[in-house]
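Q: Please take a close look at one part of this protein. I would like the loops on either side of one short strand, set against the chain as a whole.

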Amino acid sequence: MARRATGGRAAGRAGQTAGRAGVKGARRPELRLPPLEPWTEGELQPDGDYDGLEFRDADLTGQDGVGARFMDCALTGCAVDGTALGRARVLDSVLTGLRGVGTHLAESTFRDVELIDARLGGTQLHGAVLERVVVRGGKIDYLNLRESSLKDVVFESCVLVEPDFAGASLERVEFVDCALREADFGSATLQDVDLRGAAPLEIVRGLDRLSGAVISTGQLLDLAPVLAAEWGIRVE
């Protein structure tokens, strides 16, 4: 399978640009998948160990892969409706064109992962750990990232509808050409979070938690009515 490489000089330039603006840029994954073998088992197994495999157009609906480990894998065009993957570990892998509702990924770990052109709804990622992850393209509705840890994560050219970051820790997280609709940052902790590329930027809760984020002047003006309401300011 041809390998997509992400990072390198492009990531370095992004980090330098963000640094000049006073916020540290995210480190992106640099992936080199080995030659992959097709996955032929048909059913995921709890605590399964999947290494160097390609899952192509697999229907994983309702399957139980709790605690499974995916290392150097490619999942392409797979259906993940109601798939149970709590406490799973997804490492050095590329996930392309995933589709599904209610995928369970609570307390899972994603490290050095690309998620590309996903169409997901109600994905449960509460308590998860995401490190060096790029989410590029696609649309994710009602993403639950409560109490999760995001470090070096980039949301790029995607649409996030009502994402829930309540209680989460975000460090070096970037939103690039990304629609962020009705986001909840209640009780979240932000450090070097770049929201300038979010359009629209809609925050329904947690405006008081944005001290570690950077926004543009235009976004500040757009958020002014919400900020005024938050602070009890009457504008006439």
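A: Start with the whole chain. Among its contacts between residues at least 6 apart in sequence, 14% join residues at least 24 apart. This is a predicted model. Its secondary structure comes to two helices and 16 strands. The chain has 236 residues, and 53% of them count as buried. About 11,100 Å² is exposed, with carbon and sulfur atoms supplying 48% of that area.

Now the overall dimensions. Along the principal axes, the C-alpha atoms fill a box of roughly 65 × 35 × 20 Å. The radius of gyration is 18 Å, which agrees with the value near 18 Å for a compact globule of 236 residues.

Next, the loops around β11. This strand covers residues 159-161. Ser157 sits in the loop between β10 (149-156) and β11. Asp164 sits in the loop between β11 and β12, where β12 spans 169-176.

Take Ser157. Its relative accessibility is 41%, so Ser157 counts as partly exposed. The cut-offs for that class are 20% and 50%. Leaving out residues up to four places away in sequence, Ser157 touches Gly137, Gly138, Val176, Asp177 and Cys178. One of these, Val176, belongs to β12 (169-176). Ser157 and Ala198 are 41 residues apart in sequence. In space, their C-alpha atoms are 9.2 Å apart.

Now Asp164. Its relative accessibility is 15%, so Asp164 counts as buried. The cut-off for buried is under 20%. Asp164 also has a partner for its side chain: a polar contact of 2.5 Å joins it to the side chain of Arg146. Arg146 is also among the residues in contact with Asp164 once neighbours within four places in sequence are set aside. The others are Leu143, Asn144, Leu145 and Asp184.

Put the two loop residues side by side. Ser157, before β11, is partly exposed. Asp164, after β11, is buried. Ser157 touches residues including Gly137 and Cys178, while Asp164 is in contact with residues including Leu143 and Asp184.

Last, a look at the surface elsewhere. Trp231, Ile233 and Val235 form a nonpolar patch there. Together they have about 380 Å² of accessible area. Ile233 lies in the segment after α2, the helix spanning 217-230. At 46% relative accessibility, Ile233 counts as partly exposed.

Key
Residues are numbered from 1 along each chain as its sequence is written. This is a predicted model: local features need pLDDT of at least 70, side-chain atom pairs count only at pLDDT 80 or more; totals for chains, interfaces and linings use all residues. Side-chain values use heavy atoms; hydrogens and water are left out. Patches are made of residues with over 30% relative accessible area and no salt bridge: like charges are joined within 9 Å, nonpolar side chains (Val, Leu, Ile, Met, Phe, Trp, Tyr) within 5 Å. Accessible areas come from the Shrake-Rupley method with a 1.4 Å probe; for residues, only the protein chains shown count as cover. A salt bridge is a side-chain nitrogen of Lys or Arg within 4 Å of a carboxyl oxygen of Asp or Glu. Helices (H or I, at least four residues) and strands (E, at least two) are DSSP runs, numbered from the N terminus. Buried means under 20% relative accessible area, exposed over 50%, partly exposed in between (1.4 Å probe, protein chains only). A polar contact is a pair of N or O atoms within 3.5 Å; within protein, one must be able to donate a hydrogen and the other to accept it, and residues adjacent in sequence count only if both atoms are side-chain atoms. Contact means heavy atoms within 4.5 Å. The radius of gyration is taken over C-alpha atoms; the globule rule is 2.2 Å times the number of residues to the power 0.38.
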